Amino acid sequence: MLANVAKNFRMWMPNMPIFMTSARNATATQPARATFRVLPRMTKHEIKEYLTKIYGLPVTKVNTQNYLGKRKRIIGSRKVLYFKYADFKKAIVTFDREQLTDVGMGMRIPEIDDENDEDDEV
């Protein structure tokens, strides 16, 4: 019985891999969007809960796409080796237009930017 309850109440901890692959800022006609690469067993609801509870992002919609890992064949001198890359899921997350306009892909490091400004002046 305890095993059935544990399956229904999965909890995703911050060490679960969720990688941002691309992001797009909000425009006048479209809200901000980001694309993440997540585990294949994560559902849309779990992805939304993960981003809202851990990172505090205002998620409105999550679309997912499942990808099969690419299959490869290496031909050697004596035998042929077959292997397959891991399967993954792509999650396209749409954020709330009023609360989040900048996804923040870039970041400014003051020490490096100050050095670049001094080089430009010379």
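1. A good place to start is helix α2, where Glu49 and Lys53 sit four residues apart, about one turn of the helix. These two residues form a salt bridge, with their closest N and O atoms 3.1 Å apart. Please keep in mind as you look that this is a predicted model.

2. How accessible are the two partners? Glu49 counts as partly exposed, at 43% relative accessibility, while Lys53 counts as exposed, at 65%. The cut-off for exposed is over 50%, so Lys53 at 65% passes it.

3. The structure holds two salt bridges, and you may like to find the one between Lys84 and Asp87 as well. Here the closest N and O atoms are 2.6 Å apart. Lys84 is partly exposed at 35% relative accessibility, and Asp87 is partly exposed too, with a relative accessible area of 33%.

4. Back in helix α2, which spans residues 44-55, have a look at Lys44. This lysine is partly exposed, its relative accessible area being 40%. Together with Arg24, Arg33 and Lys61, Lys44 forms a positive surface patch.

5. Now for the wider view. The protein chain has three helices and six strands, arranged along the sequence in the pattern α-β-β-α-β-β-β-β-α. Among contacts with a separation of 6 or more, 60% come from residues 24 or more positions apart.

6. Finally, the surface and the interior. The protein chain has 122 residues, of which 22% count as buried. It exposes about 9,800 Å², and carbon and sulfur atoms supply 54% of that area.

How values were computed: Residues numbered from 1 in each chain as written. Predicted model: local features only at pLDDT ≥ 70, side-chain atom pairs only at ≥ 80, totals over all residues. Heavy atoms only, no water. Patch = residues over 30% accessible without salt bridge, like charges linked within 9 Å, V, L, I, M, F, W, Y side chains within 5 Å. Areas by Shrake-Rupley, 256 points an atom, 1.4 Å probe, with all protein chains shown as cover. Salt bridge = Lys/Arg side-chain N within 4 Å of Asp/Glu carboxyl O. Lys, Arg positive; Asp, Glu negative; His and termini not counted. Charge placed at Lys NZ, Arg CZ, Asp CG, Glu CD. Helix = DSSP H or I, 4+ residues; strand = E, 2+ residues; numbered from the N terminus. Buried < 20%, exposed > 50% of the residue type's maximum accessible area, 1.4 Å probe, protein only. Contact = heavy atoms within 4.5 Å.
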